Amino acid sequence: MKVFFCGIILFLSFASINAQQKLAIDAKVNEQVELMSIVARLAGYDEYVNNQFRAYAEDVDLHFGKHKNHELIQFARKIRQSNGIGFERVMAMAVHLNPNLTPKVPFTETAPNKSWGKPTAEEFVRLLKVFYKEANCSEFFVSHAGMYRIAEQRYQKVVDEIDIPWFERFYGERPSGTFNVYIGLLNDGGNYNADVIFPKGRKDIFAIMGTSAADDKNLPVFSAEADLPVVIHEFNHSFVNHLVDENRKPFELSCSTIHNLVAAKMSKLAYGSWQTALNESLVRVGVIRYLFDHQSIENTNRKIIEEKANGFVWMDELFVLLGTYENSRLAFPKLRSFMPVLAGYHIDLAKRVEYKIKEFEAMKPKVVAIGEFRNESQEVSSDIKQITFVFDKPMIGKGSIDYGKSRETGFPEFQKIVGYSEDSRKFTIQVKLKPNWEYEFIVNGKGFTSKDGYPLQDYVVRFKTR
């Protein structure tokens, strides 16, 4: 396998950049998506509660707050526990509904999603129709029509950048139905994929994109640089997930082993099974191949390192392997035909994944000292006015510090960022400290990155003032 990788890396220099082609898709705010998000919020689903687009969330709470104990909302709370409804399963129901809240296709044990089940889905929709009338949902949607149009216009700039024909070029097949982008104004940073499969095989695919920022006029804002890779990610699921489902057995043993070794990282991303982690791994490498075809090699490398930091420490190898696939289309006309090669790669990876983890951790920059005192000291002067972190590599980024175990009580009063030293190896923040106080916080890689792109290794700061 090692010899194999030495050979296939040569393919990178021959990777072609395909001319970008356009295919019209309209970004839409969809009432069924908004309605399902509202129900999930009222039912207390964590992923639909913490909204940075505050103005819209507050409007929802004002209009719908009195309906928190509606029969539908009680049922939604119940199936959260019994069926695991949440995240993309909420959106799966949304895209399966017509504007009049009838199902686009008959509900089955797998539609809208395996977690729903036919009886649960049917009862939910019955109650949803009642809720729609009793909560005056139409009135709410009409009153926000102007906001919805602005959101659509702004997100359209992202959608116009999508090279839709790339999906067929890369995967060797495409859905027989439509590509759709819906904007979830209540979904915060949650982005989801869902498919609707019709009786004769037509498959409509949906990327439901969250909204996590607003301007000073309380209107949503989006960025092509940040949002475009996420749209590609969500569309990729429609091409990858079914292949993993169909090829479960060749991957099960190796990917279970791999997942066990990166489970802590995967759990933070809500990827609790090897199947989900494998789906995400293949989806994410697809995004990187897309960026490689359309953007600079620097962006590609940054994305590879970002995914390795997320726990996908094999992403560099998988990127190269998928380059071999792209350049061997006579042998592998579809990703489907390449699945045995991917299965073989994961068998080999399972033997080396611990080394890959250690290799990546060794590349991370580290805090080697604190300028003003020794970490863990119990005799720090409360007169100190600044804290300086000293790194082993030149760094970039605006900085990032999280709570430690003692949460707010151990967090200093940070007053002003002084910034980096001339050689970028020191970062200073002005602080105000209390006497006789225990402090604890974590300097992390969310905002500290080495100039070669690696995130800072977490560094726990603990000290007590005199």
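In this predicted model, the side chains of Glu58 and Arg54 pair up in a salt bridge, with an N to O distance of 4.0 Å. Both residues sit in helix H3, which covers residues 54–64, and they are 4 residues apart, or about one turn of the helix. Neither end of this pair is hidden away: Glu58 comes out as partly exposed because its relative accessibility is 44%, and Arg54 gets the same label at 37%.

Helix H13 (residues 274–294) offers another pair with that spacing, Arg284 and Glu280, again 4 residues apart and about one turn of the helix. Here the N to O distance is 3.0 Å. The surroundings are another matter, though. Arg284 has a relative accessible area of 9%, so it counts as buried, and Glu280 is buried too, at 6% relative accessibility.

Helix H13 also takes part in a link to helix H15. The side chains of Glu326 and Arg289 form a salt bridge at 2.8 Å, N to O. This pair ties together distant parts of the chain, with Glu326 in helix H15 (residues 315–326) and Arg289 in helix H13, 37 residues apart. Glu326 and Arg289 are both buried. Elsewhere, salt bridges with shared partners knit Lys308, Asp316, Glu317, Asp348, Arg352, Lys356 and Glu359 into one network. Over the whole structure, the search turns up 28 salt bridges.

Lys308, one member of that network, deserves a closer look. This lysine belongs to helix H14, residues 297–309. Is Lys308 buried or exposed? With a relative accessibility of 8%, it falls under the 20% cut-off and is therefore buried. Setting aside neighbours within four places in sequence, Lys308 is in contact with Val313, Met315, Asp316 and Phe360. Asp316 thus appears in the contact list of Lys308 and is also a member of the salt-bridge network.

On the cysteine side, there is little to report: the disulfide count is 0. Cys137 is buried, because its relative accessibility is 0%. Cys255 is buried as well, with a relative accessible area of 5%.

The backbone has a few oddities. Most residues other than glycine have a negative phi, and most peptide bonds are trans. Which residues does a cis peptide bond join? The pair is Ala111 and Pro112, and omega is about 10 degrees. Pro112 sits in the loop that runs between helix H5 (88–95) and helix H6 (118–134).

Positive phi values turn up at Ser424 and Asn436. Ser424 is not a glycine, yet its phi is about 65 degrees. This serine lies in the loop between strand S9 (413–420) and strand S10 (426–432). With 11% relative accessibility, Ser424 counts as buried. Asn436, also a residue other than glycine, has a phi near 50 degrees, and its place is the loop between S10 and strand S11 (438–443). So strand S10 borders the loop of Ser424 on one side and the loop of Asn436 on the other. Asn436 is exposed, because its relative accessibility reaches 54%, whereas Ser424 is buried.

Note on methods
Residues numbered from 1 in each chain as written. Predicted model: local features only at pLDDT ≥ 70, side-chain atom pairs only at ≥ 80, totals over all residues. Heavy atoms only, no water. Helix = DSSP H or I, 4+ residues; strand = E, 2+ residues; numbered from the N terminus. Buried < 20%, exposed > 50% of the residue type's maximum accessible area, 1.4 Å probe, protein only. Contact = heavy atoms within 4.5 Å. Disulfide = S-S within 2.5 Å.
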